[in-house]
Each structure stands twice: as structure tokens, then as C-alpha cells.
Amino acid sequence: MSLNTFNLNGRVALITGGCQGLGLVCAKALAEAGASVAVTSRDEAKAAEVARQIREETGQQAVGLAVDVTDGEQVQRMAAETMQSLGRIDILVNNAGINVRKPILEYDEASWDLVQSTNLKAPFLCAKAVVPFMIKQAYGRIINLSSMLGTVALPERSAYCSSKGGLIQLTKVMALEWAEHYITANAICPGPFATELNKVVIDNPAANQFFLDHLALKRWGNPNELTGLLIYLASEASSFMTGSSIVIDGGWTAQ
């Protein structure tokens, strides 16, 4: 297989939550591989600034969009604005996510709904908005950012684990429904990566040591270590892979 199959020249990628953490790493990696990118945030100024940085650092087209991905009308507008600005959407990375850590008996309904809406409802809405454009062009790559906690559990993560497990199942349904249109859908299931979302764990010595003790590689992942898998799933190289969930977790789930 030629390395050219990993080239994303001429492709357009839409990355939700693409202005921080793994989302920002994903957006920059896709641009470096040749794609034009649209990144989203609830903060319009932040989205515009990140798009500017990507343009300067990679030389690729980049736009920043302000959107609440749990709101169906805003998501529809996001897809339309991406099409207007960049002409097509080849790759959708459903990355926006949130975690609220509480024991089940202390978990309030509002927190539960927030996690489920952001982690599971939003990818559903975004795919519904984007896939009609992919069907017209007979090509698409959907990459859902799930988690190793969609396959194994930890205490105080009831909403997060269930939402990420649901996203793995949603990915499989997407793969089955849209395969005839040459659209693939796969999930990446990261383990412990050193991102802002995990800062509360990293900064807690006892919690941090618990994580290190469960990692075969005995360290947190560097966000850049996710990009090889991302580019593979976004490119022609993964043309026969769909409905899969790939864990990249430093060996946590191997135990």
C-alpha cells in the first residue's frame, strides 16, 4: 500500500470540539495531512482564533464555527456553513465531549442529561446533518471519539461510561446504514491521555497513581500519539474498515 493513500489533499474535515484537547490535536493533524478543516466551539472568538492558527501553521484552509452541538438547529447551520465555506464535507470527527464525575446516588438529572446530550446525542445530530452531503458525493468518513470507558467501567463515571458505550453501538448502526453510499463509520476509544478533561485526575496524586498502576506502559498518553490512527481512519487507507471500535489506551484494557 502506497503512503499516498494516507494523503488528505482536497478533503474537507469537520471537527466538533476542535479548539482544545484531543479535538485540537485532531484538527491540526488532519490539516497537516492536507485537509481543509472546520473547527467548532461554543465560543465564537476561540473558534476563529484556532482556525487562524491552523491556517498559519499548516497553510491549509480553516474556518471556525460557533455552535452548541446539542442543539439540532445549530448543528444544521454548522453543516450548511461548512459547505458554504469549504465546498464539501468528507470527514466528520465527532469529538466534543464532557465528563461529570459523581457516585450514582449523588448524580443529579441535569448532569446526567448534559453528559448524554454532549457525548451521545450530539454525534447523532452531527451525523444526521452531514451525511446527506456525503451521500450526494458518494464518499465519507465518520470518526466518533468514544473511550476505553465505553468498553470497561470506573466508579463515578456512570453517565460517561454509558454515553461512550452507546456511541460505540451508534457507530455500528451508522456503518450498516451508510455503507452502500461509500461512507464508513468507526470509533476511536482513547484511554488516559494527558488533556484538560483529565487534569482533575492527573492533579490528584492518589487518582493519578491508580491510573498509572493500570497502564501497561506506566504513563499517560501524549495527545499526538492519537494522530496516526486518526489519519488512517480519515483516509483511503481504511476503505475496507467500518463499524469498528479501536482502543488506544496504553494497555489498560489488555489486563
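This section describes the salt bridges, nonpolar cores, aromatic pairs and one buried loop residue of a predicted model.

In the predicted model, the count of salt bridges comes to 12. One of them joins the side chains of Lys28 and Glu57, with a distance of 3.5 Å from N to O. Because Lys28 belongs to helix α1 (residues 21–32) and Glu57 to helix α2 (residues 44–58), this pair ties together parts that are 29 residues apart in sequence. The two partners differ in their accessibility class, since Lys28 is partly exposed at a relative accessible area of 22%, whereas Glu57 is exposed, with a relative accessible area of 52%.

A salt bridge between Arg77 and Glu81, at 3.6 Å from N to O, lies within a single helix: the two residues are 4 residues apart in helix α3 (residues 72–86) and are therefore separated by about one helical turn. Arg77 is partly exposed, with a relative accessibility of 40%, and Glu81 is likewise partly exposed, its relative accessible area being 27%.

Arg88 forms a further salt bridge with Asp90, in which the closest N and O atoms are 2.7 Å apart. Here a partly exposed residue, Arg88, with a relative accessible area of 28%, meets a buried one, because the relative accessible area of Asp90 is 0% and buried means under 20%. Both residues belong to a network of salt bridges that links Arg11, Arg88, Asp90, Arg141 and Glu236. Arg11, a member of this network, also takes part in a contact of another kind, as its charged end sits over the ring of Tyr139, 3.8 Å from the ring centre.

Turning to the nonpolar interior, the largest nonpolar core holds 32 residues, of which Leu30 and Ile143 touch the most other members. The elements that give two or more residues to this core are the strands β1 (12–15), β2 (36–41), β4 (91–94) and β5 (140–145), together with the helices α1, α2 and α8 (227–234). Among these, α1 gives the most, with 7 residues. When residues up to four places away in sequence are not counted, Leu30 touches Leu8, Ala13, Ile15, Ala35, Val37, Val93, Leu230, Ile231 and Ala234. Apart from this core lies another one, of 30 residues, which includes Val12, Leu65, Val67 and Leu125.

A search of the whole structure for aromatic pairs finds 6 of them. In one pair, the ring centres of Phe211 and Trp220 are 5.2 Å apart and the ring planes stand at 5°, so this pair is stacked. Both Phe211 and Trp220 are buried, and the two residues form one aromatic cluster together with Phe210 and Trp252.

Finally, Thr16 is found in the loop between β1 and α1, two elements that each give two or more residues to the largest core. Despite its loop position, Thr16 is buried, with a relative accessible area of 2%. Leaving aside the neighbours within four places in sequence, the residues in contact with Thr16 are Thr40, Val69, Met78, Val93, Asn94, Asn95, Ala96 and Cys126. One of these contacts, Val93, is also among the residues touched by Leu30.

Technical notes
Residues numbered from 1 in each chain as written. Predicted model: local features only at pLDDT ≥ 70, side-chain atom pairs only at ≥ 80, totals over all residues. Heavy atoms only, no water. Salt bridge = Lys/Arg side-chain N within 4 Å of Asp/Glu carboxyl O. Buried < 20%, exposed > 50% of the residue type's maximum accessible area, 1.4 Å probe, protein only. Core = buried A, V, L, I, M, F, W, Y, C linked by side-chain atoms within 4.5 Å. Contact = heavy atoms within 4.5 Å. Phe/Tyr/Trp six-rings, centres within 6.5 Å; stacked < 30°, edge-to-face > 60°. Lys NZ or Arg CZ within 6 Å of the ring centre and 35° of its normal.
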